[in-house]
Amino acid sequence: MLISCSCPSYLDETLLDQTNKEKVLLRIARRLVKQKEPFLIWTYYQFTARRLHNLFSEFGAEAITGGTRSDLRNRYIENFKKGRVPILILTMGSCKEGLNLQNASNAIFFDSSLKLDDISQAQDRIHRINQKRTCTMHFLVSKTCYRDWE
């Protein structure tokens, strides 16, 4: 069996301290929160979304995965659009299509799909018609993180 993973610490319980990517993500997030800029964090994995949700709970972040109930999903999205939630953590499989989240102009890709169409769709959640601000996409890559592919 081949296991895909963004960061080895997600597979090995003895490595649960923060990864390099999480440290960089926290720096970017603190800057954006201080500037009162809402932003998205994209991940490919539900486990990663839950871990990042715990990491960003102090900021009032919400996470949406394929396992999120539709009523909660709608509430989190509405609260994000109204500025009540500064950070929305999303899995690509659950949110890459059909959402208009242009109140944000920053998206951070903690990890992502190898399908360029998935990444493009995720980017388009903030890069929409009538978006007045420049959109910035942050892609996090680290030597201590890897992905194995079949």
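Start by selecting F109 in this predicted model. With a relative accessibility of 1%, F109 counts as buried, since the cut-off for that label is under 20%. Now add W42 to the selection: W42 is buried too, at 0% relative accessibility.

Keep both side chains on screen and look at the rings. A pair like this is described by how far apart the ring centres are and by the angle of the planes. For W42 and F109, the centres are 6.4 Å apart and the planes make an angle of 15°, so the pair counts as stacked. Colour the strands next: W42 belongs to β1 and F109 to β4 (residues 106-109), so this pair ties together parts that lie 67 residues apart in sequence. Then show F139, because ring pairs link F139, W42 and F109 into a cluster.

Step along to Y44 and Y45. These two form an edge-to-face pair, with 5.5 Å from centre to centre and 90° between the planes. Which of the labels, buried or partly exposed, fits Y44? Y44 is partly exposed, at 34% relative accessibility, whereas Y45 comes in at 19% and counts as buried. The chain has four aromatic pairs in total.

While you have rings displayed, pick F110 and K21. The charged end of K21 sits over the ring of F110, 4.6 Å from the ring centre.

Now for the largest nonpolar core, which has 21 residues. Select L40, W42, L88, L90 and L101, the members that touch the most others in this core. So W42, from the stacked pair, turns up again here. Which elements supply at least two residues each? They are β1, α3 (70-81), β3, α4 (92-95), β4 and α5 (116-123). Of these, α3 gives the most, with four residues. There is also a second, separate core of 19 residues, and you can find it by picking L26, A29, L32 and L55, which are among its members. As background, nonpolar side chains in soluble globular proteins tend to be buried together.

Go back to L101 and show what surrounds it. Leaving out neighbours within four places in sequence, L101 is in contact with L40, I77, F80, K81, L88, L90, R125 and I126.

Next, select α2, residues 46-55. Its buried residues are T48, A49, R51, L52 and L55. Turn the view to look down the helix axis: these residues fall within an arc of 165°, so they line one face of α2. What lies over them? The cover includes α1 (20-34), β1 (39-43), β2 (62-64) and β3 (87-91).

Stay on α2 and pick out R51. Is R51 buried or exposed? R51 is buried, because its relative accessible area is 16% and the cut-off is under 20%. Add A63 and draw a line between the C-alpha atoms: R51 and A63 are 12 residues apart in sequence and 9.8 Å apart in space.

Finally, zoom out to the whole chain. There are five helices and five strands, and read along the sequence they follow the pattern α-β-α-β-α-β-α-β-α-β. Of the 150 residues, 47% count as buried. Switch on a surface and you are looking at about 8400 Å² exposed by the chain, with carbon and sulfur atoms supplying 50% of it. As for contacts with a separation of 6 or more, residues 24 or more positions apart account for 74% of them.

Terms used
Residues are numbered from 1 along each chain as its sequence is written. This is a predicted model: local features need pLDDT of at least 70, side-chain atom pairs count only at pLDDT 80 or more; totals for chains, interfaces and linings use all residues. Side-chain values use heavy atoms; hydrogens and water are left out. Buried means under 20% relative accessible area, exposed over 50%, partly exposed in between (1.4 Å probe, protein chains only). The arc is that of the directions from the helix axis to the C-beta atoms. Contact means heavy atoms within 4.5 Å. Rings of Phe, Tyr and Trp (its six-membered ring) pair if their centres lie within 6.5 Å; planes under 30 degrees apart count as stacked, over 60 as edge-to-face and the rest as tilted. A charge sits over a ring if NZ of Lys or CZ of Arg is within 6 Å of the ring centre and within 35 degrees of the ring normal. A nonpolar core is a set of buried Ala, Val, Leu, Ile, Met, Phe, Trp, Tyr and Cys residues joined through side-chain atoms within 4.5 Å. Accessible areas come from the Shrake-Rupley method with a 1.4 Å probe; for residues, only the protein chains shown count as cover.
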